Amino acid sequence: MAHPLFHEKTPYFLHGADYNPEQWKRYPDVFEEDLRLMKKAQCNVMSVGIFSWTELEPEEGRYELDWLEEVINRLHENDISVFLATPTGARPAWMSRKYPEVLRVQADRTRNLHGLRHNHCFTSPVYREKTEAVNRKLAERFAAHQGVIGWHISNEYGGDCHCNYCQEAFRSFLKKKYGTLDALNHAWWTTFWSHTYTSWEEVESPAPHGESMVHGMNLDWKRFVTEQTRDFFRHEIQPIRKISPQAPVTTNFMGDYEGLNYWKFVDDVSIVSWDSYPLWHQRENDILTGSWTSMMHDLNRSLSRGPFLLMESTPSVTNWQPHSKLKEPGMHLLSSLQAVAHGSDSVQYFQWRKSRGSSEKLHGAVVGHDGTEHTRVFRDVQDTGEALKALSDIAGSGTKAPAAVIYDWENRWALKDAQGPRNESVFYEETVHDYYHAFWQAGIPVDVIDSVQPLQSYKIVAAPMLYMLRPGVKEALESFVAEGGTLLLTHWSGVVDENDLAFLGRPPLADLTGIVPEEIDGMYESQIRRAAGKGGIREFRYLTERSHVESAEVLSSFTDDFFRDHPAVTRNNFKNGTVYYTAGRVESAGVQDLIHQAAEESGVEIVPLPEGVTRQKRETDTGSYLFYMNFSGEEQVYSHPEKAELLFGSRCPLEKHGIHVWQVRKEEQK
Amino acid sequence: MAHPLFHEKTPYFLHGADYNPEQWKRYPDVFEEDLRLMKKAQCNVMSVGIFSWTELEPEEGRYELDWLEEVINRLHENDISVFLATPTGARPAWMSRKYPEVLRVQADRTRNLHGLRHNHCFTSPVYREKTEAVNRKLAERFAAHQGVIGWHISNEYGGDCHCNYCQEAFRSFLKKKYGTLDALNHAWWTTFWSHTYTSWEEVESPAPHGESMVHGMNLDWKRFVTEQTRDFFRHEIQPIRKISPQAPVTTNFMGDYEGLNYWKFVDDVSIVSWDSYPLWHQRENDILTGSWTSMMHDLNRSLSRGPFLLMESTPSVTNWQPHSKLKEPGMHLLSSLQAVAHGSDSVQYFQWRKSRGSSEKLHGAVVGHDGTEHTRVFRDVQDTGEALKALSDIAGSGTKAPAAVIYDWENRWALKDAQGPRNESVFYEETVHDYYHAFWQAGIPVDVIDSVQPLQSYKIVAAPMLYMLRPGVKEALESFVAEGGTLLLTHWSGVVDENDLAFLGRPPLADLTGIVPEEIDGMYESQIRRAAGKGGIREFRYLTERSHVESAEVLSSFTDDFFRDHPAVTRNNFKNGTVYYTAGRVESAGVQDLIHQAAEESGVEIVPLPEGVTRQKRETDTGSYLFYMNFSGEEQVYSHPEKAELLFGSRCPLEKHGIHVWQVRKEEQK
Amino acid sequence: MAHPLFHEKTPYFLHGADYNPEQWKRYPDVFEEDLRLMKKAQCNVMSVGIFSWTELEPEEGRYELDWLEEVINRLHENDISVFLATPTGARPAWMSRKYPEVLRVQADRTRNLHGLRHNHCFTSPVYREKTEAVNRKLAERFAAHQGVIGWHISNEYGGDCHCNYCQEAFRSFLKKKYGTLDALNHAWWTTFWSHTYTSWEEVESPAPHGESMVHGMNLDWKRFVTEQTRDFFRHEIQPIRKISPQAPVTTNFMGDYEGLNYWKFVDDVSIVSWDSYPLWHQRENDILTGSWTSMMHDLNRSLSRGPFLLMESTPSVTNWQPHSKLKEPGMHLLSSLQAVAHGSDSVQYFQWRKSRGSSEKLHGAVVGHDGTEHTRVFRDVQDTGEALKALSDIAGSGTKAPAAVIYDWENRWALKDAQGPRNESVFYEETVHDYYHAFWQAGIPVDVIDSVQPLQSYKIVAAPMLYMLRPGVKEALESFVAEGGTLLLTHWSGVVDENDLAFLGRPPLADLTGIVPEEIDGMYESQIRRAAGKGGIREFRYLTERSHVESAEVLSSFTDDFFRDHPAVTRNNFKNGTVYYTAGRVESAGVQDLIHQAAEESGVEIVPLPEGVTRQKRETDTGSYLFYMNFSGEEQVYSHPEKAELLFGSRCPLEKHGIHVWQVRKEEQK
């Protein structure tokens with residue numbers, strides 16, 4: 001399952017950080033001191049060149065790459081590999097001045113001034129030309145360098161541009177998609193409010209002072225932004241691949257960043273990498289933060305279709321959140337190995353050394369302004385490096401998940417943009433997390449996928465709030481269930497097609513669920529509607545549906561007001577499989593009931609675990625590795641796995657913020 | 001009292017909806033199915049053509065009206081009348097592209113892009129020309145059509161434009177009003193902060209980055225916007241009236257929409273109509289929502305000087321509020337007949353059929369995406385249609401109110417714009433509602449009028465927070481009281497003239513009230529000041545005045561802090577009448593004390609009613625109809641009216657969300 | 001210590017108001033009535049001409065000064081002196097129309113329209129030319145007038161402009177400061193995010209749609225705005241001083257207004273004056289409002305290096321705060337004499353007479369819209385005038401403070417702009433106030449200074465949260481302590497240099513404190529970390545540091561979580577002095593412990609006072625005056641000073657909102 005391109009060069013865990021020695025050119029001792037400290041911290045990889053464009057091309061067409069070669073050479077000599085970045089995350093000031101077209105135009109049609117980062121148009125011919133040139137220079141010089149194990153393309157792509165180039169590209173995108181204006185007018189339902197377009201030139205991107213409420217257009221704009229960003233990404237890779245066709249490339253994702261459908265990028269990366277910044281210690285305990293972070297790792301592992309890389313994380317605090325809380329003792333190691341437990345082959349940090357000035361000088365780093373190794377943070381990093389070495393055999397191993405949760409970008413866009421039952425929030429992400437969390441707590445490995453990924457390999461699929469049914473999804477769900485799968489569906493599903501046009505007539509999921517929703521109630525924060533069934537009383541909040549049953553078995557019914565006796569949770573047999581339906585957002589225990597019932601019926605192993613402890617698994621040809629992780633905020637005792645050997649951690653109990661890794665050899669597995 | 005133009009064609013209640021079959025041209029079965037369902041739902045009217053401009057004029061000067069004729073014919077053949085709309089609520093995209101001047105300019109002087117609705121300049125010569133042309137085409141074709149019972153001019157007029165045409169029109173408006181710059185400078189008190197204008201060209205509309213704090217200018221801008229909108233409204237009517245001088249016209253108001261002084265429109269409409277979207281079930285019970293909605297109906301009945309039309313309401317939910325709560329069983333009927341109880345001759349919905357796409361596809365409709373009559377919503381609508389038939393004799397009847405509450409747009413503009421004792425809120429609307437609510441709870445019919453309407457017909461007039469005394473108002477109040485009327489005044493009254501210039505010297509209302517306010521205290525949310533009198537202890541909040549008494553009798557005095565022994569509620573004899581004065585915002589029970597005392601003294605009947613139940617009355621030549629409506633959230637028992645016959649509802653008790661209608665025949669009245 | 005320029009003309013307290021008779025030209029009786037009322041109210045000074053530009057120059061180059069001469073003459077004849085204002089706080093409409101360049105450009109690069117006040121560019125050549133001309137005219141006519149005791153330059157300078165003139169001036173400022181782009185690039189650490197400037201033209205002011213996160217640039221922009229405003233201020237003074245080199249000038253400051261570093265202005269004013277608008281009665285009692293207001297007075301006295309003027313205060317309410325609460329009986333006198341207690345030689349109001357219209361017509365004034373002296377407000381003003389007469393000997397006297405609190409504009413700018421441990425708020429102002437409050441409650445006179453003022457005269461200096469160490473500050477603190485001073489430092493100190501560049505290596509204050517902070521925790525609002533020491537348990541909130549001790553004595557240590565046993569409060573001997581360090585924001589009692597210990601060790605007198613009562617002192621050659629002021633909201637008893645004579649107030653107890661003034665003659669002081 002491992003990605004050969006990376007793994008053959010580095011058959012071990014990567015441990016390292018973003019590194020910008022060009023900030024310290026005036027401080028000649030810093031670089032050599034850094035090398036000493038990196039080795040001390042057990043680091044074996046650095047990401048260099050991120051945001052270095054002006055240092056690489058200080059004036060148009062004049063390139064200075066020697067300093068970078070020196071950096072890469074010295075790192076390599078010290079057994080530290082390099083992810084080499086293309087510098088396009090920020091452009092030189094001279095470029096903004098000479099070619100204002102490279103700067104983004106906001107939705108209100110204001111062109112930005114030079115500043116910040118990620119402030120450039122992905123369509124601008126000049127920006128593409130300059131990008132191609134600098135990337136080519138880098139590839140020519142470094143593609144064959146032994147120290148370079150991969151390319152870090154740009155940095156955290158995001159945002160959009162509304163300039164005239166982008167308007168033109170948007171229209172081309174739409175022409176290609178719809179063919180005729182007539183088809184577009186139907187898909188966007190423009191007869192409403194007299195919005196019918198009679199010429200392509202009338203079509204413009206959404207704007208706060210123009211069009212903002214045509215949902216089909218908003219959706220297509222988001223799709224276009226993903227498409228245009230991917231196109232730029234490919235444009236960046238091209239000069240590198242031209243010189244080195246096998247060059248491994250990645251670009252650092254941002255978890256479930258709403259602005260880009262990352263599934264569109266996965267065919268172009270050699271491996272998925274992402275930047276994880278959970279807010280530990282924001283609540284009484286870290287259980288929900290822990291399972292949410294796990295979900296993000298599983299999403300990125302699913303995107304990567306195998307191991308992924310943790311490209312950035314903080315060795316201590318961030319500085320851009322409202323409160324930058326210190327990590328409690330143990331949390332750095334737990335948080336780092338959590339990524340590994342979910343499939344990461346690296347633990348990397350932003351940043352190696354705190355910059356001296358500007359906006360991120362107070363962001364956590366392995367080396368602080370004191371410049372020493374005599375800090376708690378440095379020791380935590382060292383310990384993590386040691387742990388990764390001890391677990392080295394696990395690198396490259398994969399994960400087989402019997403279950404999947406569907407978390408779909410396009411559905412999310414449509415759901416949240418549509419004006420409907422609860423404009424404050426429909427809690428899509430939170431409801432998906434409810435289901436993920438129940439699997440997590442039950443120790444069941446899960447993939448996190450979008451609605452158009454193949455489902456054959458799963459026994460259970462949960463698809464909460466699948467408001468939009470993209471083309472083929474209904475059929476895929478039906479054949480998944482027909483072949484014996486167990487599907488969990490909820491309220492507010494099967495409402496619209498891929499263009500946010502409502503389905504007419506009989507609801508498309510009614511055959512599967514055996515139940516027909518008639519009305520949905522947008523509830524106030526304080527309102528509760530209860531349901532009673534075998535499992536006892538469960539509370540529903542935020543959204544509930546009033547439905548009538550066709551073929552389904554009613555597992556519980558509402559007991560309150562005019563919802564009384566209407567179904568709350570149902571179970572329907574569809575061919576060889578089973579479909580559960582939950583008519584609203586039920587409390588956590590209600591979701592856990594369902595997952596347990598579904599797992600038992602499907603023969604999926606449930607691991608009995610204390611609350612806040614999860615178990616994750618990585619598998620190799622020769623056996624498997626079990627990670628027990630404690631986010632409960634208290635010491636916990638759990639049943640040790642049978643015929644397993646404790647590879648990491650001290651036997652018992654599992655301390656607060658503790659992690660145990662057990663090895664189960666294949667021959668010993670029954 | 002009935003409006004002959006509408007009533008002679010339709011001597012019954014109208015029941016229907018907004019209908020846009022042009023959205024379904026690609027779905028050929030829909031129109032005929034709609035006709036079947038309309039009849040089933042007891043509908044007898046549809047509003048067509050709203051937002052249909054592009055369908056009517058798909059390119060400049062080319063009109064397509066055949067489809068509309070077909071729609072009107074088929075409706076007519078099925079005994080369904082039509083309100084025919086002018087399509088100016090939204091303009092075609094081709095027009096925005098060819099003539100950008102039709103698009104609005106915001107206060108920040110940004111010209112909008114094409115999009116949304118209500119996004120056009122009322123002054124633009126091009127927009128006026130295009131409007132005249134399309135309205136004329138519609139009038140030529142349909143003015144004589146038997147199926148068309150009235151014209152629905154545009155849709156929910158609102159907003160303003162700051163383009164150069166509007167700037168010029170604003171200056172003309174001011175020149176006409178003030179004659180000289182000198183007069184304007186005095187009225188706006190421009191010497192303050194060196195704002196004196198020395199040329200008309202210096203005068204511009206308010207702007208966030210320009211002038212925003214000259215209250216006289218802000219007021220005149222609001223007046224200008226009303227004036228210019230009315231002028232555009234007249235411009236829309238002209239081509240219709242040219243062809244059909246008696247054509248009945250209306251335009252749908254939005255309750256007490258702050259942006260337009262609807263009193264300026266009433267001379268130009270044949271009947272007032274409005275769109276009512278109360279937020280039922282947002283609180284523990286619906287009492288305050290119920291009485292606020294009643295107040296809005298009474299305002300519109302007062303504007304209409306007789307029956308009005310409920311032009312829009314939702315058959316189920318809206319989709320633009322933070323939470324779209326379903327109506328509880330019974331609420332749809334109660335809410336529909338509430339309009340009738342207050343003088344509506346129709347119950348109409350937005351919308352007949354849910355659109356398939358765009359921003360209102362999830363807004364409630366009689367027919368949902370399932371397309372059937374098998375829903376709770378459809379049955380509720382059917383039941384309402386049946387009820388309207390049963391009550392048919394009431395259509396056209398009027399209301400005689402012995403009391404009035406003054407709720408004045410210009411006062412509201414001035415009060416809320418002025419920087420003063422409480423910039424967070426002075427609660428003008430809420431304070432007016434306090435008084436309205438006390439009448440409502442006492443079963444006393446009330447008109448809701450502005451301060452320049454005639455007062456002779458009333459026994460009691462409440463004029464809360466009459467901060468601005470418009471020309472003639474002082475005199476009108478004095479002669480109302482002089483002739484025996486009872487007037488209720490409160491704190492923060494008689495402060496400024498029509499230009500927000502403070503009255504100097506002795507306060508203008510002191511003769512009436514017999515009390516002189518000296519200082520007003522802007523209290524914090526949590527602060528309470530109590531007063532003691534015969535009625536016991538009452539609490540005052542938000543604003544209280546420290547005053548001294550001249551001739552008034554003190555009914556209660558403050559007991560707290562340095563307000564101790566200063567008057568809280570007073571009563572003054574003025575010639576043949578009485579003036580009550582309340583020196584702050586008193587709790588609800590305090591207002592009810594006053595209304596009861598005033599009603600008893602004035603010989604106005606008080607109906608004893610359980611809390612949350614109101615009684616409203618409509619009168620004909622032959623008798624009257626009494627509507628008992630229960631908003632309390634619980635079953636209630638009330639004393640049945642004597643010598644009356646129960647026309648609607650099951651006798652006793654009055655169920656939750658219940659409504660009873662009794663008929664009292666004239667000969668049986670004492 | 002007195003300012004001779006003012007004091008020799010007016011060897012008594014000034015009492016008066018802003019006065020704009022030009023607003024009342026149409027009301028011929030008002031002016032003479034005003035003169036009568038002014039004398040009745042014991043007023044002896046008026047500020048005239050503020051915002052009078054259009055009245056003075058109604059068209060370009062045509063000046064009308066006769067009306068002003070008449071005003072000044074009549075006031076003078078009635079023994080009322082004048083502060084004569086330059087009118088530049090607002091410009092005539094004709095000027096904005098003819099020369100749009102005089103209008104400000106916002107950070108988003110939008111040029112304002114005419115309107116409001118303070119809406120002009122300080123760099124604009126035209127604005128400077130027009131300013132020079134009108135100021136010269138005023139000086140020519142009035143500089144020698146006996147009635148004019150001083151010049152009130154403009155009004156409440158503030159805000160910034162981003163026009164091209166200002167961009168050019170900013171670049172000149174930077175060229176002068178840095179010499180080379182290379183130096184600027186280093187100071188702003190532009191290598192980060194590829195921000196390196198390669199041409200001066202690339203440098204622009206901060207913008208929301210451009211650069212906003214380069215902290216060094218943000219800081220320099222704030223410095224530039226101060227510099228440019230001061231330059232304009234000097235430009236305003238020039239024509240006056242040319243004609244009358246000794247003309248006393250002032251400009252009214254706004255407390256600790258964040259936008260301007262007032263320390264840069266003090267060399268150019270003859271005396272500091274400021275506008276004080278505390279929000280009395282916003283809490284359960286007025287203790288914190290009282291001590292904060294005291295701190296502002298002490299700041300302005302420190303800026304003035306002797307007596308200052310209270311240029312504006314409200315005689316009753318303001319109208320621009322969320323709630324305009326009336327002053328309780330006694331509060332007007334207390335609040336007015338509080339200024340005197342802290343060094344003011346005047347009590348002046350905005351405004352004499354309420355304007356009739358526009359945005360401040362509801363702001364408190366000595367004379368209201370009723371136009372009479374028969375109001376509580378007028379009597380309060382009269383009483384204050386009487387009190388000032390009774391205390392006349394105190395005018396001109398000074399204050400000797402044994403302690404200082406450092407409250408530094410540049411530190412504040414840097415602290416609040418930096419993204420760091422708590423982006424919601426680091427509570428700089430509040431933490432400084434904690435320390436000030438402890439001195440205030442202990443009756444210890446304090447100077448409030450910035451970090452570059454001389455420290456030699458103090459025994460105790462508190463420098464809370466001294467995040468930025470400006471050049472020379474470390475050395476100044478060290479020599480202050482070395483010579484025996486006691487220094488109180490806290491968390492988050494000594495982090496960056498004057499350009500917000502972090503100090504590298506050993507923390508710069510470690511020698512002084514004997515303790516090294518390692519990590520800082522940004523805590524949630526609800527979080528508490530406790531420390532235990534001799535004084536008992538103290539609670540820390542918001543920010544705490546995890547540190548290790550070098551040479552310091554640990555006075556208390558944290559007891560919670562992974563901070564357990566790390567130092568909370570320490571004491572270090574440095575040469576002949578002492579340094580206290582507090583590793584976080586401790587509750588009020590914790591700061592008071594420290595101030596008491598420091599005062600006792602330093603031999604500074606602590607006055608035992610009931611909570612909410614403070615004692616302030618003014619000193620003359622012949623003795624001193626002690627002001628006891630009660631902000632506790634309740635009557636209080638205190639130990640009377642020995643050998644002192646009660647000059648003002650009735651002996652005992654000190655009533656709610658009460659003030660006592662005692663005189664201690666020098667020969668009687670021990």
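The following legends describe close-up views of a predicted model.

**View 1. Interface of chain A and chain C.** In this predicted model, 53 residues of chain A are in contact with 56 residues of chain C. The two chains bury about 4,700 Å² between them, with 56% of that area on carbon and sulfur atoms. Leu116(A), His323(A) and Arg356(A) supply 16% of the area that chain A buries against chain C, more than any other three residues.

**View 2. Polar and charged links between chain A and chain C.** Six salt bridges are counted between chain A and chain C. Arg376(A) forms a salt bridge with Glu519(C), and the closest N and O atoms of this pair are 2.8 Å apart. The count of residue pairs in polar contact between the two chains, both residues at pLDDT 80 or more, is 27. On the side of chain A that touches chain C, the elements giving two or more residues are helix H3 (53-56), helix H5 (93-98) and helix H12 (376-390) of chain A. By class, this side of chain A has 17 nonpolar, 21 polar and 15 charged residues.

**View 3. Interface of chain B and chain A.** Here 53 residues of chain B are in contact with 56 residues of chain A. Chain B and chain A bury about 4,700 Å² between them, and carbon and sulfur atoms carry 56% of this area. In chain B, the residues that lose the most area to chain A are Leu116(B), His323(B) and Arg356(B), which together make up 16% of what that side buries.

**View 4. Polar and charged links between chain B and chain A.** The count of salt bridges between chain B and chain A is six. In one of them, Asp521(A) is joined to Lys325(B), with the closest N and O atoms 3.1 Å apart. Across this interface there are 28 residue pairs in polar contact, both residues at pLDDT 80 or more. Helix H3 (53-56), H5 and helix H12 (376-390) of chain B each supply at least two residues of the side that touches chain A. That side of chain B has 17 nonpolar, 21 polar and 15 charged residues.

**View 5. Aromatic pairs and an aromatic cluster.** Over all chains, the structure holds 99 aromatic pairs. The ring centres of Phe122(B) and Tyr157(B) are 5.8 Å apart and the planes stand at 80°, so this pair is edge-to-face. Phe122(B) lies in the loop between helix H5 (93-98) and helix H6 (125-142) of chain B, and Tyr157(B) in the loop between strand S4 (148-152) and helix H7 (164-178) of chain B, so the pair ties together parts that are 35 residues apart in sequence. Phe122(B) and Tyr157(B) are both buried. In chain C, the rings of Trp24(C) and Tyr27(C) have their centres 5.2 Å apart and their planes at 70°, so this pair is likewise edge-to-face. Trp24(C) and Tyr27(C) are buried. In chain A, one aromatic cluster is formed by Trp53(A), Phe122(A), Tyr127(A), Tyr157(A), Phe232(A), Phe233(A), Phe253(A), Tyr262(A), Phe265(A) and Trp409(A).

**View 6. Helix H11 of chain B.** Helix H11 (residues 331-341) of chain B is mostly covered, with ten of its eleven residues buried. Among the buried residues of H11(B) are Met331(B), His332(B), Leu334(B), Leu337(B) and Val340(B). Gly343(B), just after H11(B), takes a positive phi of about 120°.

**View 7. Cis peptide bonds in chain A and chain C.** Most peptide bonds are trans. The bond from Phe350(A) to Gln351(A), however, is cis, with omega near 20°. Gln351(A) lies in the loop between strand S9 (344-349) and H12 of chain A. In chain C, the peptide bond from Phe350(C) to Gln351(C) is cis, with omega near 25°. Gln351(C) is placed in the loop between strand S9 (346-349) and helix H12 (376-390) of chain C.

**View 8. Positive phi at Ser154(B) and Asp565(B).** Most residues other than glycine have a negative phi. Ser154(B), a residue other than glycine, has a positive phi near 50°. Ser154(B) is found in the loop between S4 and H7 of chain B, and is buried, with a relative accessible area of 2%. Asp565(B) also has a positive phi, near 75°. Asp565(B) lies in the loop between strand S17 (553-558) and strand S18 (567-574) of chain B. With 60% relative accessibility, Asp565(B) counts as exposed.

Terms used
Residues numbered from 1 in each chain as written. Chains lettered and ligands numbered in written order. Predicted model: local features only at pLDDT ≥ 70, side-chain atom pairs only at ≥ 80, totals over all residues. Heavy atoms only, no water. Contact = heavy atoms within 4.5 Å. Buried area = accessible area lost by both parts, 1.4 Å probe. Salt bridge = Lys/Arg side-chain N within 4 Å of Asp/Glu carboxyl O. Polar contact = N/O pair within 3.5 Å; in protein donor to acceptor, adjacent residues only side chain to side chain. Helix = DSSP H or I, 4+ residues; strand = E, 2+ residues; numbered from the N terminus. Nonpolar A, V, L, I, M, F, W, Y, C, P; charged D, E, K, R; others polar. Phe/Tyr/Trp six-rings, centres within 6.5 Å; stacked < 30°, edge-to-face > 60°. Buried < 20%, exposed > 50% of the residue type's maximum accessible area, 1.4 Å probe, protein only.
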